[in-house]
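Good morning, colleagues. I should like to take you through one structure, moving from the overall content of a chain to individual strands, helices and residues.

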Amino acid sequence: MASVQQLSAIKDAKVLMVGAGGIGCELLKTLALSGFQDIHIIDMDTIEVSNLNRQFLFRQSHVGQSKAKVARDAVLRFRPKINIKSYHANVKDSNFNVDFFKQFSVVLNGLDNLDARRHVNRLCLAADVPLVESGTTGFLGQVTVHIKGKTECYECQPKPAPKTYPVCTITSTPSKFVHCIVWAKDLLFAKLFGDKNQDNDLNVRSNDTATSSEHSEDIFEPRKDEDIQQYANRIYDHVFGHNIQTALSNEETWKNRNKPRPIYVKDVLSDEPIQQNGNVDKLLANDNLSSLSAMAYLGLKNPQDIWSLKENSRVFFAALKLFFSKRQKEIGNLTFDKDDPLAVEFVTAAANIRAASFNIPLHSLFEAKGIAGNIVHAVATTNAIIAGLIVIEAIKVLQNDAKNCRMTYCLQHPSRKMLLMPVEPFEPNKSCYVCSETPLLLEVNTNRAKLRDLVEKVVTSKLGMSLPLIAHGSGLLYEVGDDLGKDEVANYEANLEKVLSELPYAITGGTIITVEDLQQELVCNINIKHREEFDEEKEPDGMVLHGWTPAAPAAENNKEPTDNNGASTSSTSKPASADVMEADDDELSIVEPGVETLPAGGKKRKLSDVPNSEAPIDEKRAKKIPEENNVIVMLDDGNDDDITAS
Amino acid sequence: MNGEELTEQETALYDRQIRVWGVDAQRRLSKSHVFVSGLKGTVIEFCKNIVLAGVGSLTLNDDNPVTEEALAANFLIPFDENMGGGGSLAELCCDSLKDFNPMVHVSVEKGDLSSFDVDFFEKFDVVVISCCSLAAKKSVNEKCRKLSKRVAFYTVDCRDSCGEIFVDLQKYAYAKKKADETVECQLQYPSFEEAIAIPWRSLPKRVSKLYFAMRVVERFEEVERRKPGETSIEDLPNVLKLRNELCLAHSLNESQIPDALLERLVVSTKEFPPVSAVLGGILGQEVIKAISGKGDPLKNFFFFDAVDGKGLIEDISTS
């Protein structure tokens, strides 16, 4: 039970919780039981069926409702006298500004994405409110405490970068199943059902050689004289047959690789009539679009089964036909959605056919869905443990007991007998551009790069600002906001298209510019250094930002045991929390926000040892945290599934 | 991998956790039967976790009436000004737990824990008891051991911001992934009585101080015929005296069981909700591991103290 001092700190506290998902439900319950009286909770999400296995405040009947509101109502049933205020909203909304944050004694995060975490971190720094940050994936979890000036901020350490794959791996030389998924989802699915005007690296010409003229037809355009089946056959033969055949002609590529084999419809489905009008007619009679399923149509029942090449091909055709016959209105506007069964079926089948071609092991629909839909592994127990640890740290913070705050890892395998391992928090990183005032340095060709490049490639993508303002001395160059006049907007728009050295307040070598986000109250100074040439391969942005720590590539978490049949957690299917998305022109990426690694070597965090608790830890042993625990935990959420900006 | 498949409803509901432990484990969970006795905060946390995970059935045992104190640590029972509805703690918790997951059969077993005979426990795969005397722990553990089938036995206790879990899986074999191979592992567990009978001086160095402290308090309650948790600051001198006697008998330095720690355990016997959440979570994971046969189960004690934040596994056995 809590001491008198603890109880009074708890009673007087006003707490902001961000996120009412996996961690959030547990946290809200534990806060209420612990005696917290005044809790505000923000979450933009609504409840889904797959939340119910762990987000215990929600029931089937709540599906579709606001998480924040339902969680509040559920907790008020057993603690009716406390104050809980819920906001069904995005924490990035402008009304949650610095003044809003200032009213709280502590902020507790149970979020599921990097973007929102960075945003909350900055607002907490600006408002000088301590932040307790958390994340879980499967049996792993962690809790960290961020107190301005005393411990590192959330952004002091580099965060894992999206896992990226060179385009050529995806388009020509896949070696893992995830490559096939990226291809099926981002290239083929997007090409067939998405926006026709999007750039797409799929080979769309039937005679793709150097001689191909601009007038050769786009194979993906349905012809006037063909029916759906003929069209589907043509697509199949093109992407799984013709394109592979074409690739094979490039001998150089296959010198050190296994050659793929082209797959044509006639090879796979020669022994059965492809036309199945009877069944299609039956399906056409079905008006419930959301329940359209190629599996149901083909009599395939178990999503855990691995289909043969033939079955995958039949699913491919059935799914494609269903899209074109029943959902033709959506074609041209579709994006992949893990909750769209037909889309999942199509992507699974296409990825598997491609995998067969490249001699990569095939996967079940269940596994493919996990990879394509970027599904976070989540269980109730880890979330409950992490929520308990958040409250323990929050109480220390409320008692101004910063020196006893710990960051705690929840491990799957004990390290030095510990399943819950506390370590001392890091000190602030003196060169952190978010919580220190260290200027950044940007190398750029000021005679070639436009202001737009600076905004897009540095200010929004790297510095994560959402409402940026850029100034050179007292001269404003760029600003975003609702309160701008028409002239100002036009003026700033015009500036975007100007090269840096020709701006009204010219940016040249030696200039110091100020970049500011008014909502986050984050200000960065950037020293500009002019540089003529950039390496197109290594420096595709045409500019290099120093002092900003690029994220380390996400560690492949293949040390984690695969502890089941249905859900392989091996490296190929591990992108547990991976959203396949396009990063820039050159790379297709998979976001793996989960894994955070302990810094190596000298920066290894010190295991905590509170005086009067136990004999000091043997130093030799303290240094030797077993290898497998070097890849510790993640920042994921236990909250929800998609890595969506919120 | 054979056997009946999960229903579509189960697949949808359990999707995220099947991605953690697999279909096979999920199927085993859905066929397992769990018994819990002593419905304080920590066990309630455990019940929530195991019902969400989708066990086949959960049987609750606690005839105590719902008091204000019981309500303080309980998120299952809706607040009611009158509280006059009657019904035992188990009965009221049962209704809420059913609501968490309609696929789990939750029921109440009335009666005193000590009145259940060996045959009674045969119905279960997992038995979890809490807030009971040393004698009850030993006796229920022995009853479970008398059965020909293996019944996994657990005790869990939370005092102040400290907690202890004990596990007896008897002879336990499980699959472990090493590199790319699956190896069969075997563990031999002592019973609770056997474990605590091990002379303290023969235990490994740096065994958690909580282990000793819990034994002193447990022994004190037994000698004084107290109910679990029925201690106060007035008892501290006698508890310290008992500590000294035990340390002498075991040739253990008294500093291994600090006065301050004993004072915490003796004085504030209420559970601290965040610690209950941590213990209930760890216990839930352990039970899921034992049922599914996947992952290293802990052997055989787990300790958590919010003061230093460590969650420690201790192997208190002769093997």
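**Selected features of chains A and B**

I begin with a single residue: Thr246(A) has a relative accessible area of 21%, and therefore counts as partly exposed. Please bear in mind throughout that this is a predicted model. Thr246(A) belongs to helix 8 of chain A, which covers residues 228-248. Between its C-alpha atom and that of Pro262(A), 16 residues further apart along the chain, the separation is 9.3 Å.

A second residue makes a useful companion. Is Lys159(A) buried or exposed? Its relative accessibility is 11%, and the threshold for buried is under 20%, so Lys159(A) counts as buried. Lys159(A) sits in the loop that links strand 6 (140-146) and strand 7 (163-166) of chain A. Its C-alpha atom is 8.5 Å from that of Leu114(A), although 45 residues separate the two along the chain.

Let me now place these residues in the context of their chain. Chain A contains 18 helices and 17 strands. Of its 646 residues, 59% count as buried. Among the contacts in chain A with a separation of 6 or more, 70% are between residues 24 or more positions apart.

I turn next to a sheet in chain A. Here 6 strands form an open sheet in the order 12-11-13-14-10-15, and the pairing is mixed. Which strands lie at the edges? They are strand 12 (475-479) and strand 15 (543-546) of chain A, each of which pairs on one side only. From one strand to the next, the twist averages 25°. At one end of the order, strand 11 of chain A, residues 468-472, pairs with strand 12 of chain A in the antiparallel sense, over 4 bridges. Within this pairing, Leu469(A) has Glu479(A) of strand 12 of chain A as its bridge partner.

Chain A also offers a helix packing to examine. Helix 13 (residues 341-357) and helix 14 (residues 365-372) of chain A have axes that come within 9 Å and cross at roughly 100°. Because of that crossing angle, helix 13 of chain A is roughly perpendicular to helix 14 of chain A. Helix 13 of chain A contributes Val344(A), Glu345(A), Val347(A) and Thr348(A) to the contact, and helix 14 of chain A contributes Leu365(A), Ala368(A), Lys369(A) and Ala372(A). Sorted by class, the residues in this contact are 5 nonpolar, 1 polar and 2 charged.

Finally, I move to chain B and its strand 4. Why is strand 4 of chain B described as largely enclosed by the rest of the structure? The reason is that 5 of the 5 residues in this strand, 126-130, are buried. In a regular strand, side chains alternate between the two faces of the sheet. In strand 4 of chain B, both faces are covered: one side carries Val126(B), Val128(B) and Ser130(B), the other Val127(B) and Ile129(B), and all are buried.

Strand 4 of chain B runs parallel to strand 1 (residues 33-37) of chain B, to which 4 bridges join it. Opposite Ile129(B) of strand 4 of chain B stands Ser37(B). Strand 4 of chain B also runs parallel to strand 5 (residues 152-159) of chain B, with 5 bridges joining the two. There, Val128(B) has Tyr154(B) of strand 5 of chain B as its bridge partner. The chain passes from strand 4 of chain B to strand 5 of chain B through helix 7 (residues 134-146) of chain B, in a right-handed β-α-β crossover.

Technical notes:
Residues are numbered from 1 along each chain as its sequence is written. Chains are lettered from A and ligands numbered from 1 in the order in which they are written. This is a predicted model: local features need pLDDT of at least 70, side-chain atom pairs count only at pLDDT 80 or more; totals for chains, interfaces and linings use all residues. Side-chain values use heavy atoms; hydrogens and water are left out. Two strands pair if DSSP finds at least two bridges between them. Axes are lines fitted to C-alpha atoms, for helices over the stretch in contact, and angles run from 0 to 180 degrees between N-to-C directions. Buried means under 20% relative accessible area, exposed over 50%, partly exposed in between (1.4 Å probe, protein chains only). A crossover is right-handed if, with the strands pointing away from the viewer, the path from the first strand over the helix to the second runs clockwise. Angles under 35 degrees count as roughly parallel, over 145 as roughly antiparallel, 65 to 115 as roughly perpendicular and the rest as oblique. Contact means heavy atoms within 4.5 Å. Ala, Val, Leu, Ile, Met, Phe, Trp, Tyr, Cys and Pro count as nonpolar, Asp, Glu, Lys and Arg as charged, and the others, Gly among them, as polar.
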